[in-house]
Amino acid sequence: MEMVVFKADKTNPAVLTIDSGDTVVFECRDAFNQVIKKPEDLPVDFDMEKINPATGPVFVKGAEPGDTLEVHIQKIDLADQGSCCIIPNFGFIHEDYPDPWTRIIPIRNGFAEFSDKIRIPIDPFPGTIIVAPPEGSHGTLIPKEYGGNMDSKACRVGTTVYLPVFVEGALFGVGDVHAVQGDGEVCGTAVEIDAEVTIKLVVNKKKKIKRPQYETDEYFMTTAWGETADAAAKIAIRDMIDWLVEEKNLTREEEYALCSCAVDFRVSQFVDITPGVRAVLPKNIFID
Ligand code: CA
Ligand code: CA
């Protein structure tokens, strides 16, 4: 399916209706909505109404407000080239880089070819994973409790992303695939690329969450955003403590201390207006 939205809004008509447990192949446009194709295409004068498209929305039957949507990322097929751009007035140290710049980056044999002498192993993930918020019409660029532009490389193949459901059917969308990105995404773009993303969507009636979480076979992760990375980290660690108290039945003091001993913070991105972090707990510390 290849229908896109540029805003998350419960009034967006669903382009597909599925059952819980169905798998969908999403044809995703790159975050520039396919306007950067060659080195001469500079990231200026964007139509800001047409940036960061999310493919969807998909209505998942049975999903109701208060449920959790499990997003199982199964496969990502990349196009054969992507692009990385420096966008004026955007990026972590944009004050140092006033001019627009574009680098076209071929993808060959599992590598993103940054230059003749630099190649980066691909590690693809969708930067934007979103459900409809309870009210209003929200651009996809700022990550929020309904997901959006999370730009977390933890969301790779094999990860389950949990999103809280706010409206009937959830109205799920995905896009903004990066062939590879460093934690932080400091210049504001990574290897932005068209891709097909295969995802299984499952409605979970038992799990109750306030904002997205991630899980793999090896790690459980909370994530949050704030005015500062500090503020985001405090939300993420409080969510982690809540999860541990609920799931592992220890005291809050034990869990606070356990987080100190075993949880790593990672930066997801520093650039999407509200910086995002994730708290990462290895699951193999639990013996049972
Ligand atoms: Ca992004
Ligand atoms: Ca992007």
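# Two calcium ions and a two-domain interface

The calcium ion (ligand 1) takes its protein donors from Asn149 (OD1), Asp151 (OD, listed twice) and Asp176 (OD), at 2.2 to 2.5 Å. The model is predicted. A calcium ion (ligand 2) lies 3.2 Å from ligand 1, and aspartate 176 coordinates both. The protein is assigned two domains, domain 1 (4-204) and domain 2 (218-285).

**Calcium ion (ligand 1)**

- Along the chain, the donors of the calcium ion (ligand 1) are spaced N-x1-D-x24-D.
- Two of the donor residues, asparagine 149 and aspartate 151, are both buried.
- Asn149 donates through OD1, while Asp151 and Asp176 donate through OD atoms.

**Calcium ion (ligand 2)**

- Protein donors here are Asp176 (OD), His178 (NE2) and Glu192 (OE, listed twice).
- These donors lie 2.2 to 2.5 Å from the calcium ion (ligand 2).
- Their spacing along the chain is D-x1-H-x13-E.

**The shared ligand**

- Which residue bridges the two calcium ions? Aspartate 176 does, with the calcium ions 3.2 Å apart.
- Asp176 therefore appears in both donor sets: a protein oxygen counts as a donor within 3.2 Å of Ca, and Asp176 (OD) is listed for ligand 1 and for ligand 2.

**Domain 1 against domain 2**

- The domain centres, taken over C-alpha atoms, are 23 Å apart.
- Contact involves 21 residues of domain 1 and 12 residues of domain 2.
- Together the two domains bury about 1300 Å² between them. Carbon and sulfur atoms carry 63% of that area.
- Three residues stand out on the domain 1 side: Pro143, Asp183 and Gly184. They supply 30% of the area that domain 1 buries against domain 2, more than any other three residues.

**Polar and charged links across the interface**

- How many salt bridges cross the interface of domain 1 and domain 2? The rule finds one.
- Arginine 278 pairs with aspartate 183 in a salt bridge, with the closest N and O atoms 3.2 Å apart.
- Aspartate 183 is also one of the three residues that supply 30% of the area buried by domain 1.
- Six residue pairs are in polar contact between the domains, counting pairs with both residues at pLDDT 80 or more.
- The side of domain 1 that touches domain 2 has eight nonpolar, seven polar and six charged residues.

Note on methods
Residues numbered from 1 in each chain as written. Chains lettered and ligands numbered in written order. Predicted model: local features only at pLDDT ≥ 70, side-chain atom pairs only at ≥ 80, totals over all residues. Heavy atoms only, no water. Donors = N, O, S within 2.8 Å, 3.2 Å for Na, K, Ca; no water. Buried < 20%, exposed > 50% of the residue type's maximum accessible area, 1.4 Å probe, protein only. Domains from an automatic or database assignment. Contact = heavy atoms within 4.5 Å. Buried area = accessible area lost by both parts, 1.4 Å probe. Salt bridge = Lys/Arg side-chain N within 4 Å of Asp/Glu carboxyl O. Polar contact = N/O pair within 3.5 Å; in protein donor to acceptor, adjacent residues only side chain to side chain. Nonpolar A, V, L, I, M, F, W, Y, C, P; charged D, E, K, R; others polar.
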